[in-house]
Amino acid sequence: MENKLFIYNTLTRKKEEFKPLHAPHVGMYVCGPTVYGDAHLGHARPAITFDILFRYLTHLGYKVRYVRNITDVGHLEHDSDDGEDKIAKKARLEKLEPMEVVQYYTLRYHKAMEKLNVLPPSIEPHASGHIIEQIEFVKKILDAGYAYESEGSVYFDVEKYNKEYHYGKLSGRNIDELLETTRELDGQTEKRRSVDFALWKKAAPEHIMHWSSPWSEGFPGWHLECSAMGTKYLGEKFDIHGGGMDLMFPHHECEIAQSCAALGHDTVNYWMHNNMVTINGQKMGKSLGNFITLDEFFTGSHELLTQSYSPMTIRFFILQAHYRSTVDFSNEALIASEKGLARLMEAYERLQKIQANTTSTVEINDLRNKCEIAMCDDLNTPIVISHLFDASKAINTVHDGKGTLSAADLAELKEVFRLFIEDILGLRTEVESTSNDAYKKAIDLLLNIRMQAKQNKDWATSDKIRNELTALGFTIKDTKDGFEWSL
Ligand code: ZN
């Protein structure tokens, strides 16, 4: 670990040298998705940002326990204590069991993450699987005197907490202002203050997800799961907690309050937040019609998209911005990223074919160290990418016969490209998306010929097509309407 890693701590609002509590072990918790719909860009950004951190910490030699949760209970429609549970609502609309909704969208989330080459976390706990831990956490907060019971529900007493601690220290919100601005909106009589938030909610008779507790048959408040599961798997004090900036308030602010109230101290040393994604300069939102899921990007099936964009194009696009800057998606910007990625991967491919010479006439300019310095500066992936582009120019010069690389320089360049492109940035070659359609049509064509051959009882042709595609790595399945294939 020659280079010191600096990361921006949202809590202290400073770039700080990363010093783990128990090196070489690092504990890292990231808020995962609420699984009631398909993953969209807003899910891709934190997943990729913290995947980069996970990969880089591992590269630096740390043994990382990465916990990313699945929210499957307690997240209400308005991100507060109001409205229906997002999962329960979907289950009601689709006439499914809530856990069917959870299973379906969790699997689809995993599939999308795999396409984006996001590594799975070490532990992926479900909120619904940790009800006991959450009830225990509520008890601790009640025992410490920072919560109160009201008609079967338990609420966090923000005003009391704020006398001892500082509610708002992460988000910078002013508690007095919050009390002022929220008082008028207050329609609930159960709570003492509208700024108070639910730790446990008594379930209404029609609420389909509920568990027994000392207070009522009910369900935990959304913020509680992360306090309970973070400390369960990473200890009462751990290194990193991450998530999107939109989670800073109320979710993470409440999480800090819960942990301080229950344990007497904050559990997290470094709070990290990725910035948000906009689409054509607008916030994403279902009502704005610009809510594009990852699958729609991959297939180009949303009306705002002029073409499909491969998972690696999406990943590369996100990495071309620093994680604390906003990213604005537009077709123009994505097409530029697609071209940039193709150039970089072409240079990487050319590099494999270059023959070593006795001397180098092109400079490789300490590429490894420059990339490490950029990563150590709060994960500056756009700078890493620009260094790789500079090196690509040298590679292309050699490839065009206008320069040479010595064996040592060539080996170093190959190793640095592999390390940063594959291991750290997590980019991999894929069939170019522009030729993707033609490629799919060609496979369909072959399989249609095979179907015709079968109808004509021309088994030799049908077997040949099947066997040779299988040998190339395709999986072919006969269905009642025809066929399905995947690579
Ligand atoms: Zn969380």
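Domain bounds here come from an automatic or database domain assignment. On that basis, the chain of this predicted model is divided into domain 1 (6–274), domain 2 (279–424) and domain 3 (434–486). The C-alpha centres of domain 1 and domain 2 lie 33 Å apart. To the contact between these two domains, domain 1 brings 29 residues and domain 2 brings 34 residues.

A view of the whole chain helps to set the scene. The C-alpha trace spans about 75 × 65 × 40 Å along its principal axes, and the secondary structure comes to 16 helices and 15 strands. Of the 487 residues in the chain, 52% are buried. Contacts also reach across the sequence: among those between residues at least 6 apart, 75% join residues at least 24 apart.

We can now return to the interface of domain 1 and domain 2. The area buried between them is about 2,800 Å², and carbon and sulfur atoms give 65% of that area. On the domain 1 side, Leu 41, Arg 45 and Tyr 56 supply 26% of the area buried against domain 2, more than any other three residues. Polar groups take part too, with 16 residue pairs in polar contact across the interface. Strand E1 (6–9), H1, H3 and strand E10 (268–274) each supply at least two residues of the side of domain 1 that touches domain 2. The largest share of that side comes from H1, with twelve residues. Four salt bridges are also found across the interface of domain 1 and domain 2. Elsewhere in this account of charged pairs, the side chains of Asp 295 and Lys 115 deserve a look, as they meet in a salt bridge with an N to O distance of 3.8 Å.

Helix H10 (residues 311–319) offers a clear example of a covered element, since nine of its nine residues are buried. Those buried residues include Pro 311 and Met 312 at the start of the listed run, and also Arg 315, Phe 316 and Phe 317. What do the buried residues of H10 pack against? Their partners are helix H1 (41–59), helix H3 (98–115), helix H9 (294–299), strand E13 (327–329), helix H11 (331–353) and helix H13 (381–399).

The model also holds a zinc ion, and its surroundings can be followed residue by residue. Its protein donors are Cys 31 (SG), Cys 226 (SG) and His 251 (NE2), which lie 2.0 to 2.1 Å from the ion. Cys 226 lies in helix H7 (residues 224–234) and His 251 in helix H8 (residues 248–263), so this pair ties together parts that are 25 residues apart in sequence. Written as a pattern, the spacing of the donor residues is C-x194-C-x24-H.

Are Cys 226 and His 251 buried or exposed? Buried means under 20% relative accessible area. Cys 226 has 1% relative accessibility and therefore counts as buried. His 251, also at 1% relative accessibility, counts as buried as well.

His 251 has further neighbours to explore. Leaving aside residues up to four places away in sequence, His 251 touches Cys 31, Trp 222, His 223 and Cys 226. Two of these names, Cys 31 and Cys 226, already appeared as donors of the zinc ion. With His 223, the side chain of His 251 makes a polar contact, side chain to side chain, at 3.0 Å.

Conventions. Residues are numbered from 1 along each chain as its sequence is written. This is a predicted model: local features need pLDDT of at least 70, side-chain atom pairs count only at pLDDT 80 or more; totals for chains, interfaces and linings use all residues. Side-chain values use heavy atoms; hydrogens and water are left out. Donors are N, O and S atoms within 2.8 Å of the metal (3.2 Å for Na, K and Ca); water is not among the atoms, so sites may look incomplete. Helices (H or I, at least four residues) and strands (E, at least two) are DSSP runs, numbered from the N terminus. Buried means under 20% relative accessible area, exposed over 50%, partly exposed in between (1.4 Å probe, protein chains only). Contact means heavy atoms within 4.5 Å. Buried area is the accessible area (1.4 Å probe) that two parts lose on being put together, summed over both. A polar contact is a pair of N or O atoms within 3.5 Å; within protein, one must be able to donate a hydrogen and the other to accept it, and residues adjacent in sequence count only if both atoms are side-chain atoms.
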